[in-house]
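Q: Here is a model to go through term by term. Please set each value against its definition.

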Amino acid sequence: MIQCKNITKIYKNEVETWALKNISFSIEEGEFVAIIGASGSGKSTLMHILGCLDTPTSGQYFLEGKEVSKLSEDELAKIRNKKIGFVFQNFNLLARTTAFRNVEIPLIYANLDKKERGERVKEALTISAFPKDFWFHLSNQLSGGMQQRVAIARALVNNPKLILADEPTGNLDSKTGDVVLNTLIDLNKRGHTLVIVTHELYIARYARRIIALRDGEIVEDAPREKAKSLKLIKE
Amino acid sequence: MKLIDLLNEAIFAISSNKIRSGLTILGIVIGIASVIAMVSIGQGAKSEIVKSIQGLGSNTLTVMPGGTRMGAVFMGRGSAQTLKEEDVEVLKKVEGVVNVVPVVQRTFQIVAPNGKNTRTSIIGASPEIFSVREISIEKGSIFSEGEVRNISKVAVLGKNIANDLFGEENAVGKNIKISGINFKIIGVAAPKGGVMGMVADDLVFVPFTTMQKVLAKSDYLTLILIKGEKKEILPQIQQQASLLLAEKHRVDPKEPDFSIISQEDILSTLNQVTTVFTIFLGAVAGISLLVGGIGIMNMMLTSVTERTREIGLRKAVGAKNREILYQILTESVLLTFLGGVIGIFLGWLISLGVTKFAHIATQVSPFSVFLAFSVCTAIGIFFGWWPAQKAAKLHPIEALRYE
């Protein structure tokens, strides 16, 4: 599903920053991977590259066997639309816009007609367990947990293979966070490949595989049971 | 992205900040309304002038003394007294000519028996002046060939002059004094209207012989009117008349001591004037349209900055740069289009108001409406382009992080 070969990302501002240093790994279809690391470890940069929001400075990134690290902006937009669903820490919903319309946005750019869009939105909102009574409420009138569920519905509305979640519970209390996390885990059970970027280790414990980053390098890539990064902190 | 969705998103974005959109639209409304109103006043003036020139009589040429030419280039001897009665006979021989009317025009004081008086142009002419100038008679009759031969002291009054001197009374049969000499009123012309000084309502007509011998005491003619059979042959008549008259005057046809002007010549000169006038009015109004356009750009820039995160999100879920560009452009074009529709309506109302209350003729032409719409769309695209480009070029990650 995902294959990264020697990915390097350098930010050139006043000083050169090596955000990722020669990273290689692959993720199979249906996996549930947690990418963990402290802030500044490069996990967000890796997330952006995996999500086709950014391209690596060097190295190759294959998504479903297709090299996407060298695609044009328009082609990347198409891939983001069809193959990837994003869940952000701060939800990124359009304010003063209904939950329903928020979920509909990716479908507008997929050129679907209104009828089909309506059906897909309803389906997605149902899967993300968003209560029907609030479908046509404005997003800024919803609670954080509800907003994140709208965001999850938006991520899965185009039925993407890959769902990328960036600190999905970061802005939620632990109880709501658990609900949101369970929704994401359900999606993984339905067959979506799930990659969660987080610094909260309790989330990582639900994952089946841990990739730990430090200073732009992979320090551990192991199944959850064997992951030392988790144990270290546990002890 | 489908066109209907593009429109939907634009309407949604515009209506989510109604006050700001409304004020921005107002800028365009004022711009378009003033362009429409100003151009309508210009066009109205133009059509008034055309009407009054046509009121001088159709298919006519005017022979004027002196070598003046359109464009103010002075040629020949330049004397204002070169036309004589004999010239009329020469011009009658030109092929296609229906009538030739000698005209002597002077300004005199006129006094009615009741003491009312006025100062106006007196036209001394042959009876054909009435048919050539298309002046009909309301009361009484015109003077005859016999009265011209006999140097009779008879006069036909323009409608305004008759009203000024006699009010509601019947002027026919009464006497007036022109320059102290008694004249009998034999007719009153029907009102003709118009804005130019040469319009019949303000004139007094007398036989040209009477004018020459009694009033002006001069043999020279002010001008000669030639009426042709039809419009198409006027250029030939003009050419032949010019040659014959030059021969008669023993002058070089290339440097004549007279000039022959057609209505088209007068119209085209006046057209130039009114066109400049209209362009000037339109340009002044156009400046307000430009200010309105800058308002659009300002609003779109603010809106793009405000919605940076939204644009980032849209890109993250699959919007192409082009689609973002079209979305912002659609918004700005829609704003100007709305402003244009309201502006055209308002401009039309203003021009109606100007006609009704200021009594200035106006004309809202379909052309100016069409122009207003195209200008609106162009403004929308032109002033929306930069903000739209700015939005389209935003990097999704930076846009999503924007605070």
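Q: How many residues does each chain give to the contact?
A: Chain B gives 19 residues and chain A gives 20 residues. Two residues are in contact if their C-beta atoms, placed from the backbone, lie within 7 Å. This is a predicted model: local features need pLDDT of at least 70, side-chain atom pairs count only at pLDDT 80 or more, and totals for chains, interfaces and linings use all residues. Residues are numbered from 1 along each chain as its sequence is written, while chains are lettered from A and ligands numbered from 1 in the order in which they are written.

Q: Which elements of chain B give two or more residues to the side that touches chain A?
A: They are helix H10 (308-316), helix H11 (321-358) and helix H13 (396-401) of chain B. H10(B) gives the largest share, six residues. Helices (H or I, at least four residues) and strands (E, at least two) are DSSP runs, numbered from the N terminus.

Q: What makes up that side of chain B by residue class?
A: Eight residues are nonpolar, three polar and eight charged. Ala, Val, Leu, Ile, Met, Phe, Trp, Tyr, Cys and Pro count as nonpolar, Asp, Glu, Lys and Arg as charged, and the others, Gly among them, as polar.

Q: Why does the radius of gyration of chain A agree with a compact globule?
A: The rule is 2.2 Å times the number of residues to the power 0.38, with the radius taken over C-alpha atoms. For 235 residues it gives a value near 18 Å; chain A has 18 Å, so the two agree. The C-alpha trace of chain A spans about 45 × 45 × 35 Å along its principal axes.

Q: What share of the residues in chain A is called buried?
A: Buried residues are 49% of the 235. The label needs 20 or more other C-beta atoms within 10 Å of the residue's own; 12 or fewer means exposed, in between partly exposed, and C-beta atoms are placed from the backbone.

Q: Why do S2 and S5 of chain A stand at the edges?
A: The open sheet has four strands, in the order S2-S1-S4-S5 (chain A), with antiparallel pairing. Strand S2 (16-27) and strand S5 (66-67) of chain A each have a single partner strand, so one side of each lacks a neighbour in the sheet.

Q: What makes S1 and S2 of chain A a pair?
A: Pairing needs at least two bridges found by DSSP. Eight bridges join strand S1 (residues 2-12) of chain A to S2(A), running antiparallel. A:Lys9 stands opposite A:Leu20 in S2(A).
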